[in-house]
Amino acid sequence: MAILEVNNLKAYYVTHTFGRSSTVRAVDGVSFQVNKNEIYGIAGESGCGKSTLLKAISGLVKPPLQILDGEVGYNFDDERLDILSLRDDRKRRKLRGARISLIPQGSMSVLNPVRRVRKAFEDVIYAHLDVSEKEFEELVSRHLLALGLDWTVMHTYPHQLSGGMRQRITIALSTILRPDIIFADEPTTALDVVVQRGVVQLIKKIKEEQQNTLIMVTHDMSIHANLCDRLAVMYAGEIVEEGDVQSIFSAPKHPYTTMLLDSLPKVGDSSARVSAPGAPPSLVDPPEGCRFHPRCPHVMERCRVESPVLNGLGNGHRVACFLQEGGK
Ligand code: SF4
């Protein structure tokens with residue numbers, strides 16, 4: 001059963017400076033579904049719209065970001081909610097944290113540098129639960145213990161902790177209310193490889209213990225390979241390929257996915273990796289036709305004028321590329 005349904009979502013940054021308007025089409029007609037209890041990955045280069053997509057589906061829409069079109073529906077056991085039509089800010093805040101929760105990029109954007117860690121837990125818990133101080137302390141210490149953290153971190157300031165420890169606390173904050181869905185936005189950014197591994201394992205452990213749904217956004221394909229059940233690959237504001245992780249990694253169908261995978265290091269292969277030529281296009285004025293055509297080694301005439309749509313290939317694999325229509 002789908003816990004999240006996104007249909008034709010268009011989220012643009014619209015700015016007006018010195019009488020000139022500019023529109024960045026960061027998420028442009030994206031549709032997908034996420035099933036209950038699965039780990040759904042969203043991959044792609046920086047600037048392809050991954051983080052904006054997370055903001056839009058978690059209802060964190062503030063100017064200059066605007067939703068131009070589309071639906072974002074949550075199917076919880078007891079109710080269906082369309083987050084974009086929730087006009088009441090209090091209802092949105094109640095939904096976030098308790099039912100959907102975000103592990104953001106960079107722990108310092110969550111933890112206030114001049115407040116002890118305990119204050120951050122108080123803000124989250126007292127906003128959603130009516131508990132006594134004793135109940136608060138029991139709840140937090142149980143959760144910290146389950147994540148391998150000690151109660152003493154509650155008395156520290158963020159600068160007294162390592163980057164890895166701060167990220168663990170951010171994860172603890174995001175999951176203490178046992179949300180139905182966790183969104184993780186590049187949760188391993190700026191961490192060294194060993195700490196990254198620990199953070200990914202921690203997220204996996206929480207997901208297994210709390211039985212929630214996880215949406216993992218990262219450019220790091222190795223995290224997707226190790227963690228996710230299904231994967232969506234984004235390019236220039238659109239999903240270009242979606243399917244189960246095994247089939248995407250073993251037989252990618254979109255030339256962009258192939259390029260991403262070819263750039264990864266491989267065990268036993270010491271030859272130089274090939275990086276994707278060129279750079280992602282500006283989303284203010286994306287190319288006509290297939291947005292990947294200026295970088296595609298298989299470009300055809302029709303690719304320059306027609307936009308491919310995401311077509312199913314069977315087994316839940318979907319690809320937006322004319323090559324799948326026989327290359328005509
Ligand atoms: Fe390349 Fe054309 Fe496929 Fe786009 S539609 S990825 S340009 S072959």
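Q: Which residue types count as nonpolar, and what makes the shell around the ligand mostly nonpolar in this predicted model?
A: Ala, Val, Leu, Ile, Met, Phe, Trp, Tyr, Cys and Pro count as nonpolar. By that grouping, the ligand's shell holds 10 nonpolar residues, three polar ones and no charged residues.

Q: What makes a residue part of that shell, and which are the closest?
A: A residue belongs if one of its heavy atoms lies within 4 Å of the ligand. In total 13 residues surround the ligand, and C290, C296, C303, C321 and F322 are the closest. As for location, the ligand sits in the largest cavity.

Q: Why is N315 called exposed?
A: Exposed means over 50% relative accessible area. N315 has 78% relative accessibility, so N315 counts as exposed. You will find N315 in the loop between β11 (311-314) and β12 (317-319), with a positive phi of about 55° although it is not a glycine.

Q: Why is N37 called partly exposed?
A: The partly exposed class lies between the 20% and 50% cut-offs. At 30% relative accessibility, N37 therefore falls in that class. N37 too is a non-glycine residue with a positive phi, about 70°, and its place is the loop between β2 (20-35) and β3 (39-43).

Q: How do you know that V140 is in contact with residues beyond its sequence neighbours?
A: Contact means heavy atoms within 4.5 Å. Leaving aside neighbours within four places in sequence, V140 is in contact with F121, I125, W151, M154 and I176. V140 is also among the residues that touch the most other members of the largest nonpolar core, which has 55 residues.

How values were computed: Residues numbered from 1 in each chain as written. Predicted model: local features only at pLDDT ≥ 70, side-chain atom pairs only at ≥ 80, totals over all residues. Heavy atoms only, no water. 1 Å grid on protein atoms, 1.4 Å probe; cavity = no way out; pocket = protein on both sides within 12 Å on 5 of 7 lines; lining within 4 Å. Sits in = over half its atoms within 2 Å of the grid points. Core = buried A, V, L, I, M, F, W, Y, C linked by side-chain atoms within 4.5 Å. Buried < 20%, exposed > 50% of the residue type's maximum accessible area, 1.4 Å probe, protein only. Helix = DSSP H or I, 4+ residues; strand = E, 2+ residues; numbered from the N terminus.
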